[in-house]
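Please walk through this protein with me, one part of the fold at a time. The text below explains what can be read from the model.

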Amino acid sequence: MYAIPPYEGLKDGLITLDIRATDLSGHTSYFRTAVHHDTTAPAVQVVVPGVEEVVNGKNAIAFLAHDDGFLSKVEYVDLNTGRRYPVENNSMVTTFVGTPEQPISKSMRFDFTDAAGNVTTMNSWQFIIDAKSDLPVATIQLPTDNEVITKDFVLTGVVLDDDGPSKVFYRIDQGAWQ
């Protein structure tokens, strides 16, 4: 077995290797092969949401990823747990954020890994995340504001949330939440 020392001057791309071996008897054999040298991480850009676009809740996020080799995997990384969620790897990488598995926040992170193991981390965003605009909206219709109530009454209202149904709690005069 013979190891060739690493050659620092190799450029990325196709490299041909020619090997000649000669034994003590003077017999020589030749072998030729090619390898793809890749030290460059994938180039990645966000295409959706757009720059300065305001987002909240569940949103699609799309990336264009280019690599001279092969993009082998894309992962959403939950920084709170360290858990990695695989993202489908297509010509345009698209997934949803703002879900329980992939929360939307300024600290969310995506890792793009090529076949050679080079990684590009996306964790800086040019869109605006406005979590306050994603809060549920609650309105009380009856009784009306400042209405004087002298007997039993029915509380009527509406709760709206684009994230779907959840739980509603209420309390009266600083009482316990029910």
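A residue counts as buried when its relative accessible area is under 20%, and as exposed when that area is over 50%. The model discussed here is a predicted one. With that cut-off in hand, take Val-74, a residue of strand S6. Val-74 has a relative accessibility of 2%, and therefore it counts as buried.

What surrounds Val-74, leaving aside residues up to four places away in sequence? Its contacts are Tyr-85, Pro-86, Val-87, Asn-89, Val-93, Asp-111 and Phe-112. Asn-89, one of these, is 15 residues away from Val-74 in sequence, yet the two C-alpha atoms are 6.3 Å apart.

The strand that holds Val-74 belongs to an open, antiparallel sheet of 4 strands, ordered S7-S6-S9-S10. The edges of this sheet are strand S7 (84-87) and strand S10 (119-122); each has a single partner strand, so one side of each has no neighbour in the sheet. On average, neighbouring strands here are turned by 25° against each other, with direction ignored. Strands of a sheet pair through backbone hydrogen bonds, either parallel or antiparallel.

Two of the pairings in this sheet can be followed residue by residue. Strand S6, residues 71-77, runs antiparallel to S7 and is joined to it by 4 bridges. Within that pairing, Glu-75 has Pro-86 of S7 as its bridge partner. On the other side of the sheet order, S9 and S10 are also antiparallel and also joined by 4 bridges, with Asp-111 opposite Thr-121 of S10. S9 and S10 make a hairpin that has 4 residues between the strands, and Gly-117 in its turn has a positive phi of about 95°. The two faces of S10 differ: Thr-120 and Met-122 are on the covered face, while Val-119 and Thr-121 are on the uncovered one.

A second open sheet has 3 strands in the order S3-S5-S8, again with antiparallel pairing. Its edge strands are S3 and S8, each of which pairs on one side only. The twist from one strand to the next averages 30°. Strand S5, residues 59-66, pairs with S8 over 6 bridges in the antiparallel sense; there Phe-63 stands opposite Val-93 of S8. Val-93 has already appeared among the contacts of Val-74.

Between strand S8 (92-97) and strand S9 (109-114) runs a loop that contains Thr-99. Is Thr-99 buried or exposed? Its relative accessible area is 15%, so Thr-99 is buried. A polar atom of the Thr-99 side chain lies 3.0 Å from the backbone nitrogen of Gln-102.

Two other loops have backbone geometry to check. Most residues other than glycine have a negative phi, and most peptide bonds are trans. In the loop between strand S3 (43-48) and strand S4 (54-55) lies Pro-49, and the peptide bond that joins Val-48 to Pro-49 is cis, with omega about 0°. The loop between S3 and S4 also holds Glu-52, which is not a glycine but has a positive phi of about 70°. The relative accessible area of Glu-52 is 58%, so this residue is exposed.

The loop between S12 and S13 can be read in the same way. Pro-143 is found there, and a cis peptide bond with omega about -5° joins Leu-142 to Pro-143. Asn-146 is found in the loop between S12 and S13 as well; its phi is positive, near 65°, although Asn-146 is a residue other than glycine. With a relative accessible area of 72%, Asn-146 is exposed.

The strands on either side of that loop lead to the largest pocket. Strand S12 (137-142) and strand S13 (156-160) each supply at least two residues of its lining. The largest share of the lining, 5 residues, comes from S13. How much space lies in the largest pocket? The value is about 770 Å³. The pocket is lined by 29 residues, and those closest to its centre are Ile-140, Leu-155, Phe-169, Tyr-170 and Arg-171.

Terms used: Residues are numbered from 1 along each chain as its sequence is written. This is a predicted model: local features need pLDDT of at least 70, side-chain atom pairs count only at pLDDT 80 or more; totals for chains, interfaces and linings use all residues. Side-chain values use heavy atoms; hydrogens and water are left out. Two strands pair if DSSP finds at least two bridges between them. Axes are lines fitted to C-alpha atoms, for helices over the stretch in contact, and angles run from 0 to 180 degrees between N-to-C directions. Buried means under 20% relative accessible area, exposed over 50%, partly exposed in between (1.4 Å probe, protein chains only). Contact means heavy atoms within 4.5 Å. A polar contact is a pair of N or O atoms within 3.5 Å; within protein, one must be able to donate a hydrogen and the other to accept it, and residues adjacent in sequence count only if both atoms are side-chain atoms. On a 1 Å grid over the protein atoms alone, a cavity is a set of points where a 1.4 Å probe fits but cannot get out, and a pocket is an open set with protein on both sides within 12 Å along at least five of seven lines; lining residues have an atom within 4 Å of a point. Grid points are joined across faces, edges and corners, and a volume is the space filled by probe spheres set on the points.
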